[in-house]
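Me: I'd like to go through this structure with you, one question at a time. Could you walk me through the reasoning behind each answer?

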Amino acid sequence: MKIRPFLTEQFFALYEFTTPHVLASSDCETTSIAELLAMSGRDLQDLGSVNLGYTESQGNPEYRRLVAGMYENVNAEDVIVLTSPVEGIYLTMQTLVEASDEVVALSPAYDALHHVAEHLCGDFHTWQLVPNATGWEIDLDRLRSLVNANTRLIIVNFPHNPTGFQPDRNQLEQLVDIARDNDCWIFSDEIYRGLDVNLSPAAAIPSVADLYDKTIVLNGLSKTFGLPGLRAGWLVACDGGIREELIGWKHYTTICPPAPTEYLAIEALRVREQLAARNQQRVSANLQFCSEFMKRRKDVFCWRPPVAGSTALVEIDLPALSRHRAGSFSSAMEYCHDLAQNHGVLLLPGECLGCTGTFVRLGFGRESFSSALAAWEATLPPPAA
Ligand SMILES: Cc1ncc(COP(=O)(O)O)c(C=O)c1O
């Protein structure tokens, strides 16, 4: 059986580097190597002295120590450094999931979070986020009904791409209890962690790694810290046996992290609070701007503002948007292709992330957000009187 196509990457491959007004990206504004090193007090020449030999498979000990410092109950030995965040999804699924297993995954989702597990397991179930009038909700009773003694793994991602949903602490603890009661693993993709700009500090939630032993956590520097070109990511796995198996699979993918990336990732981790703060401010300002836009255009969009993360999922009135154009669009996918090809505006169709209905994803992390939003607005029908 062939694995399902990675629609998000396929769609971005068509337009990401040639479309002038990018509104769809999930990463945050990036920085240059020179700026990063200046921030961490290093000279650019220091990078020149990095040796290009193989590195340690599990990752540089200082790198792992800095990562462990981001959690309450995690040691450096629990961390595996990756050659990209997405690699961690592949390693985890290969390690945990067998053909006889059931897997339950939050949906919609970043493609890899579904497709690799679905490819490997016998029985794959989606646990749907539920839209309401003003946002998104999880249905924990529904999760209880999906998980059973044969469930090997629950896959979640909070803050959530694409909806921007984040559970409160009580909901997160209930989710962990469901896993514990059924003795199953949780894969917690926390790559947008720290971008909870609208929450009070008291509402912040812990990493699942700090709550439950049978957890594998994914994180990296691509989103909150704005360094996707570094391809820096890590897994946290507190179970030694599973960690060995994860590293075993890594020997078949990338063996060890690239030395220049490790060097730069260590510097980035030293100034991680500064990097994250810049992007939190950016996301906050862009969200404010977007909320005003959505208020103006509630005739064609249903706006469910994100609680955390750098993305939101917007429901579009396809018939209204079609009427304004020569053709008529039968899907968000068609609408987004047209927008990219004929208007230079890039949105991600919800179909790529497994949405049913007509949704598009917006990303708030880029400096150019407001000008790209203006370019989108110029394509819309005149507001209903
Ligand atoms: C939820 C989620 N997990 C993992 C990744 C993978 O990150 P990277 O592309 O930096 O490997 C992404 C990227 O968009 C993502 O949205």
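Me: Is Ile255 buried, partly exposed or exposed?
Reply: Happy to start there, and please keep in mind that this is a predicted model. Ile255 lies in the loop between α9 (240–250) and α10 (259–270). Buried means under 20% relative accessible area and exposed means over 50%. Ile255 has 38% relative accessibility, so this residue counts as partly exposed.

Me: What is the phi of Ile255?
Reply: Ile255 is a residue other than glycine, yet its phi is positive. The value for Ile255 is near 65 degrees.

Me: Which residue in the loop between α8 and β8 (185–189) should I look at for its backbone?
Reply: Look for a residue that is not a glycine but has a positive phi, here about 50 degrees. With a relative accessible area of 53%, over the 50% cut-off, that residue is exposed. The residue in this loop is Asp183.

Me: Where are the cis peptide bonds that end at Pro159 and Pro162?
Reply: The bond into Pro159 comes from Phe158, with omega near -15 degrees. The bond into Pro162 comes from Asn161, and there omega is about 15 degrees. Pro159 is placed in the loop between β7 (151–157) and α8 (169–181). Pro162 is likewise found in the loop between β7 and α8.

Me: How many aromatic pairs does the structure hold, and what kind of pair do Trp136 and Phe359 form?
Reply: A search of the whole structure finds 11 aromatic pairs. In the pair of Trp136 and Phe359, the centres are 5.9 Å apart and the planes are at 50 degrees. Planes under 30 degrees apart would count as stacked and over 60 as edge-to-face, so the pair is tilted.

Me: How many residues apart are Trp136 and Phe359?
Reply: Trp136 sits in strand β6 (residues 136–137), while Phe359 sits in strand β15 (residues 359–363). The pair therefore links distant parts of the chain, and the separation is 223 residues.

Me: Are Trp136 and Phe359 buried or exposed?
Reply: The cut-off for buried is under 20% relative accessible area. Trp136 has 10% relative accessibility, so Trp136 is buried. Phe359 has 7%, so Phe359 is also buried.

Me: Which residues do ring pairs link into a cluster?
Reply: Here the ring pairs share members and join up into a cluster. The residues linked are Phe293, Phe301 and Trp376.

Me: What is the distance between the closest N and O atoms of Glu118 and Arg4?
Reply: The structure holds 16 salt bridges, one of them between Glu118 and Arg4. Glu118 is in helix α6 (residues 111–120) and Arg4 in the segment before α1 (7–15), 114 residues apart. Glu118 is partly exposed at 26% relative accessibility, and Arg4 is partly exposed with a relative accessible area of 44%. The closest N and O atoms are 2.7 Å apart.

Me: Which helix holds both Arg169 and Glu173?
Reply: The side chains of these two residues meet in a salt bridge (2.7 Å, N to O). Arg169 is partly exposed at 42%, and Glu173 is partly exposed at 33%. They are four residues apart, about one turn of the helix, and that helix is α8.

Me: Arg297 and Asp299 also meet in a salt bridge, so which of the two is buried?
Reply: Their salt bridge has an N to O distance of 2.9 Å. Asp299 has a relative accessible area of 29%, so Asp299 is partly exposed. At 3% relative accessibility, under the 20% cut-off, the buried residue is Arg297.

Me: Which residues are joined into one network by salt bridges that share partners?
Reply: In this network, the salt bridges share partners, and that sharing joins the residues. The residues are Arg42, Glu62, Arg65, Glu267 and Arg270.

Me: Which residues gather in a patch of negative charge on the surface?
Reply: One of them is Glu98, found in the loop between α5 (85–96) and β3 (102–107). Glu98 has 51% relative accessibility, so Glu98 counts as exposed. The patch is formed by Glu98, Asp213, Asp239 and Glu245.

Notes:
Residues numbered from 1 in each chain as written. Predicted model: local features only at pLDDT ≥ 70, side-chain atom pairs only at ≥ 80, totals over all residues. Heavy atoms only, no water. Patch = residues over 30% accessible without salt bridge, like charges linked within 9 Å, V, L, I, M, F, W, Y side chains within 5 Å. Areas by Shrake-Rupley, 256 points an atom, 1.4 Å probe, with all protein chains shown as cover. Salt bridge = Lys/Arg side-chain N within 4 Å of Asp/Glu carboxyl O. Lys, Arg positive; Asp, Glu negative; His and termini not counted. Charge placed at Lys NZ, Arg CZ, Asp CG, Glu CD. Helix = DSSP H or I, 4+ residues; strand = E, 2+ residues; numbered from the N terminus. Buried < 20%, exposed > 50% of the residue type's maximum accessible area, 1.4 Å probe, protein only. Phe/Tyr/Trp six-rings, centres within 6.5 Å; stacked < 30°, edge-to-face > 60°.
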